[in-house]
Amino acid sequence: MSAPARRRRVLLRVPGWSTWLDRPAFLATLLLVPTLVLVFGVLLYPILDTLRLSLTDRVLSQPGSGAFVGLGNYLRALQDPEFRASLGRTFYFALVTVPVETTLGLLIALLLNQRFFGRGFVRGIIILPWALPYIVNGVMWKWILNANYGALNALLSQLGIIGRYHIWLGYPSTAFNFVILANIWKETPVAVILILAALQTIPGELYEAARVDGANAWRQFWAVTFPSLRPVIAVTMVVKTVWALKEFDLIYVMTGGGPANATNVATFQTYLTTFKFLKFGYGASMAFIIVLLSLVIAFFYVRLISPKEVAE
Amino acid sequence: MRAAQVSVRRGTAAAGRARRRRVWLLGRILLYLAVLAVVVWVLAPFAWLVISSVSTRAALTSRPLQWLPDHLDLSNYLDIFVGGGSSTSVHRSVRAGALNSVVVAGLATLVALFAGSLSAYAVSRLRFRLKGPFLVTMLATQLLPTVVIIIPMYMVFRSIGLLDTVFALMLADIAIILPLITWILKGYFDGIPSSLEDAARVDGCTRAGALFRVVMPLSSSGLAASGLFAFIIAWNEFFTAFILSSTLRSKTLSVIVAEFSSKVGVDYVAMATAGVLASLPPVLLALFFQRYIIQGLTAGAVKG
């Protein structure tokens with residue numbers, strides 16, 4: 001039997017298979033199965049389970065616990081001064097980091113869009129802070145800010161700016177702002193990269209037209225550049241706000257929520273409640289309050305990123 | 001008289017040119033100063049970590065600080081990689097953590113790339129109900145704080161005996177990067193004209209065949225972009241590994257490095273060495289494959 005004939009025989013033996021595979025709905029289901037199993041199994045089931053857990057008084061160290069308490073945990077969390085204070089710190093963190101990183105990102109992107117010697121190199125290294133693991137970022141800044149041997153103390157005292165070494169992460173007033181500084185260092189490049197990519201898509205004719213109309217560089221920025229960048233700036237700010245609500249790693253490494261709770265943000269308070277005090281039900285309700293906040297922002301995010309895609 | 005006027009006019013023109021040139025020069029100087037500031041700001045902190053890792057404890061703890069060591073001290077790197085007599089439990093744990101990181105992030109990326117390319121093809125090419133909700137759900141998962149999913153994840157893994165295994169960490173990483181890969185690859189698939197597939201199907205290819213023979217080869221740069229991006233995120237993931245691992249069986253490099261930060265009387269040189277080693281894979285990948293990473297970042301714009 002010749003090879004083509006054999007192939008035909010094989011196809012004939014399973015007549016239904018290839019036609020089934022050509023049915024979009026069937027094929028789509030088949031293709032989505034691995035993703036659905038992995039994402040729903042590992043992510044969405046836990047989210048629903050967190051929701052259920054948040055309605056109980058489960059404490060891991062007490063075997064009999066887990067009775068249904070309704071919205072009791074949520075009401076308790078919203079009245080809990082410690083949790084409310086930690087939410088306030090999360091908002092402060094977001095309100096400082098998001099505008100600073102976006103503005104700084106815009107300025108650096110405009111700079112890197114100019115022609116200068118070594119531009120490729122500078123554009124290249126800008127990605128470094130983004131690629132650095134969060135934990136290494138935290139350890140690195142903690143080392144730079146070290147009270148006894150830190151590079152910041154050494155630099156400032158050798159320049160004659162400070163007389164003695166400071167415990168930068170030891171004072172409640174400065175610790176949080178240094179954590180914020182470390183975050184700004186790491187997260188600004190994302191804004192630079194997103195805004196720079198958008199800058200490069202602005203057609204040169206727009207600038208030429210503005211120049212013909214006699215607009216100087218300042219007017220060109222507000223008439224051409226900024227309006228074209230508005231969508232990417234909006235997306236950057238929303239994404240960064242969501243990240244700010246999630247921040248945990250940096251605080252865990254740099255300060256552990258201290259000193260005197262000064263850096264204890266909402267995710268950290270949730271972690272302490274759950275894994276240190278083992279109040280799984282109560283911690284789950286705190287986690288869900290953060291989720292609800294994220295979802296409100298996510299709603300705006302989804303509408304910003306692709307209104308058509310979602311309507312489909 | 002006429003000659004004088006002309007020469008005056010020439011003079012002002014020359015002065016104007018000189019002024020414009022001065023303004024231009026000033027602009028260039030300010031531009032280069034700003035560029036220099038950006039370069040120093042970006043490089044200095046990490047450079048200090050690298051210098052610390054090849055310095056000596058004596059130099060690092062001196063006052064006034066000795067910024068550059070007298071000689072390069074690579075003993076920590078050697079102790080970690082080669083082992084030998086002076087290698088301590090610290091060095092052994094860094095080695096074990098690096099190995100776990102490679103296994104967890106590498107396998108998670110491969111599995112997520114496979115599953116993600118299938119689902120990305122489905123949402124890019126096929127019409128089916130619930131496509132919109134599927135995409136929105138994928139996007140929404142990226143916005144959730146890990147602390148939300150970790151509580152039940154911990155309880156499930158505890159009940160089936162998977163706590164402190166690389167398998168559990170891998171599953172958690174896959175769940176984090178898979179929606180991202182799906183979203184990025186969908187963008188690439190959308191950019192491939194479906195006429196190419198139609199031609200293949202006229203020639204007797206099934207849809208599935210067209211995916212593997214036409215679409216996948218054409219989107220190799222998309223696979224590279226999403227794969228590299230996902231690997232870096234999986235490598236850098238800390239929280240899930242921190243909660244789900246407890247011994248060197250599964251602790252990743254991030255967890256090992258974090259442990260340095262909470263120890264008292266820590267060996268700063270060893271800590272810096274571990275930090276540099278943990279950063280090298282993502283930093284080198286990002287620098288060498290920058291084009292792909294930027295494509296991934298702008299396409300995904302979902303997670304940092």
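Which hand does the crossing of H8(A) and H12(B) have, left-handed or right-handed? In this predicted model, the crossing of these two helices turns out to be left-handed. The pair spans two chains: helix H8 covers residues 134-144 of chain A, helix H12 covers residues 253-262 of chain B, and their axes come within 9 Å and cross at roughly 20 degrees. Since angles under 35 degrees count as roughly parallel, H8(A) is therefore roughly parallel to H12(B). On the chain A side, H8(A) puts A:Ile135, A:Val136, A:Gly138, A:Val139 and A:Lys142 into the contact. Facing them from H12(B) are B:Ser254, B:Val257, B:Ala258, B:Phe260 and B:Ser261. Sorted by class, the residues of this contact come out as six nonpolar, three polar and one charged.

Stepping back to the contact of chain A with chain B as a whole, 83 residues of chain A and 80 residues of chain B take part. On the chain B side, the largest share belongs to helix H1 (residues 2-53), which supplies 13 residues. That side of chain B is made up of 61 nonpolar residues, 16 polar ones and just three charged ones.

Within chain B, another helix pair is worth a look. Helix H7 (residues 166-190) and helix H10 (residues 220-236) of chain B pack with their axes 9 Å apart, at an angle of about 155 degrees. Angles over 145 degrees count as roughly antiparallel, so H7(B) and H10(B) run roughly antiparallel to each other. Their crossing is right-handed, whereas that of H8(A) and H12(B) is left-handed. From H7(B), the residues involved are B:Asp173, B:Ile176, B:Ile177, B:Leu180, B:Ile181, B:Ile184, B:Leu185 and B:Tyr188. They meet B:Gly222, B:Ala225, B:Ser226, B:Phe229, B:Ala230, B:Ile233 and B:Ala234 of H10(B). Here the tally by class is twelve nonpolar, two polar and one charged.

As for chain A on its own, the secondary structure consists of 16 helices and zero strands. Of the 312 residues in chain A, 41% are buried. Taking the contacts in chain A between residues at least 6 apart in sequence, 69% join residues that are at least 24 apart.

Note on methods
Residues are numbered from 1 along each chain as its sequence is written. Chains are lettered from A and ligands numbered from 1 in the order in which they are written. This is a predicted model: local features need pLDDT of at least 70, side-chain atom pairs count only at pLDDT 80 or more; totals for chains, interfaces and linings use all residues. Two residues are in contact if their C-beta atoms, placed from the backbone, lie within 7 Å. Helices (H or I, at least four residues) and strands (E, at least two) are DSSP runs, numbered from the N terminus. Ala, Val, Leu, Ile, Met, Phe, Trp, Tyr, Cys and Pro count as nonpolar, Asp, Glu, Lys and Arg as charged, and the others, Gly among them, as polar. Axes are lines fitted to C-alpha atoms, for helices over the stretch in contact, and angles run from 0 to 180 degrees between N-to-C directions. Angles under 35 degrees count as roughly parallel, over 145 as roughly antiparallel, 65 to 115 as roughly perpendicular and the rest as oblique. A crossing is left-handed if the near helix is turned anticlockwise from the far one by less than a right angle, and right-handed if clockwise. A residue is buried if 20 or more other C-beta atoms lie within 10 Å of its own, exposed if 12 or fewer, and partly exposed in between; C-beta atoms are placed from the backbone.
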